[in-house]
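Here are my notes on the model, written as numbered points. Have it open on your screen while you read, and we can compare impressions afterwards.

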Amino acid sequence: MSSNDPFKKFIKTSKTATPVVTTNNYVSYRRVSSKDQRDNTSLENQDIAIRQFCAMRNFNVIAEFGGDYESAKTDGRKEFNRMLDYVRKNKGQVAGIIVYNYTRFSRTGGQGIMIAQELREKYGVHVLSVTQPLDTKNENGVLMQDLQLIFARWDNSQRKQNAIAGMKMKFKKGEWVVRVPMGNDI
């Protein structure tokens, strides 16, 4: 458009443009939900997959977060928030967060969507999943990421529902579903 374009006054421009990060620096985040999962190979599998994903794309991983068990039922996780603080403090230096899949990032649904949106719009940081490759630089990719985060919450609610049903069945049979208090036996 030329500077004397009569239509220029009708073009809506954003006062808070999304920052464009041009670096090739990324952070990785991996987690499991329980101590039992920490002790198997789940973290190792996530780590290997993330490293291969980054190597294939020439991504430079400048920091790694997680590596322990923290449930994603809430976004108040210690390592998760440490990672978010790091990304926010290093605005313009981090292009994205690499996770094994979106369930590792968040299972809170709307809250996870809001965090991913804030990272994109305020910091230019995109959350990338190794197993669910999406381009969140366009609206279709953002919508698909939002759906993945909603499905992660749905999956959590389904697991809870199944666990409760199983516990109720055991109670009806007279079986213990919790650890016996110290000093007691069955």
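1. Let's start with helix α2: it has 16 residues and reaches 23 Å from its first C-alpha to its last, close to the 22 Å expected at 1.5 Å a residue. Keep in mind that this is a predicted model.

2. Which residues of α2 are buried? They are Leu43, Gln46, Asp47, Ala49, Ile50, Phe53 and Cys54. For reading that list, remember that an α-helix has 3.6 residues a turn, so residues three or four places apart point the same way. Just past the end of α2, Asn58 takes a positive phi of about 55°.

3. Asp47 deserves a click. This residue lies in helix α2, which runs over residues 42-57, and has a relative accessible area of 17%. The cut-off for buried is under 20%, so Asp47 counts as buried. Leaving out residues up to four places away in sequence, Asp47 touches Arg30 and Glu64.

4. Now to strand β1, where eight of the eight residues are buried. Both faces are covered: one side carries Asn25, Val27, Tyr29 and Arg31, and the other carries Tyr26, Ser28, Arg30 and Val32. So Arg30, one of the contacts of Asp47, is itself buried, because it belongs to the second of those sets and buried means under 20% relative accessible area.

5. What does β1 pair with? With β2 it pairs in the parallel sense over seven bridges, and Tyr26 stands opposite Val61 there. With β3, β1 also pairs in the parallel sense, over four bridges. On that side, Ser28 has Ile98 as its bridge partner.

6. Next, the aromatics: a search of the whole structure turns up five aromatic pairs. Take Tyr29 and Phe80, whose ring centres are 5.6 Å apart with planes at 65°, so the pair is edge-to-face. This pair links distant parts of the chain, with Tyr29 in strand β1 (residues 25-32) and Phe80 in helix α3 (residues 78-89), 51 residues apart. Buried or exposed? Tyr29 counts as buried at 0% relative accessibility, and Phe80 is buried too, with a relative accessible area of 0%.

7. A second pair involves Phe65 and Tyr86: the ring centres are 5.4 Å apart and the planes are at 55°, so the pair is tilted. Here the link runs between Phe65 in strand β2 (residues 60-69) and Tyr86 in helix α3, 21 residues apart. Phe65 counts as buried at 5% relative accessibility, whereas Tyr86 is partly exposed, with a relative accessible area of 26%.

8. Tyr26, Phe53 and Phe59 are also worth showing together, since ring pairs link them into a cluster. We have met two of these already: Tyr26 is in β1 and Phe53 is among the buried residues of α2.

9. Two arginines sit over rings. The charged end of Arg57 is over the ring of Phe53, 3.8 Å from its centre. The charged end of Arg77 is over the ring of Phe80, 4.0 Å from its centre, and Phe80 is the partner of Tyr29 from the edge-to-face pair.

10. Lastly, confidence. The mean pLDDT of the chain is 84, with 91% of its residues at 70 or more. Among the elements, helix α1 (residues 35-39) has the lowest mean pLDDT, 71, and strand β3 (residues 96-99) has the highest, 96.

Notes. Residues numbered from 1 in each chain as written. Predicted model: local features only at pLDDT ≥ 70, side-chain atom pairs only at ≥ 80, totals over all residues. Heavy atoms only, no water. Phe/Tyr/Trp six-rings, centres within 6.5 Å; stacked < 30°, edge-to-face > 60°. Helix = DSSP H or I, 4+ residues; strand = E, 2+ residues; numbered from the N terminus. Buried < 20%, exposed > 50% of the residue type's maximum accessible area, 1.4 Å probe, protein only. Lys NZ or Arg CZ within 6 Å of the ring centre and 35° of its normal. pLDDT = per-residue confidence, 0-100. Contact = heavy atoms within 4.5 Å. Expected span 1.5 Å × (residues − 1). Pairing = 2+ DSSP bridges.
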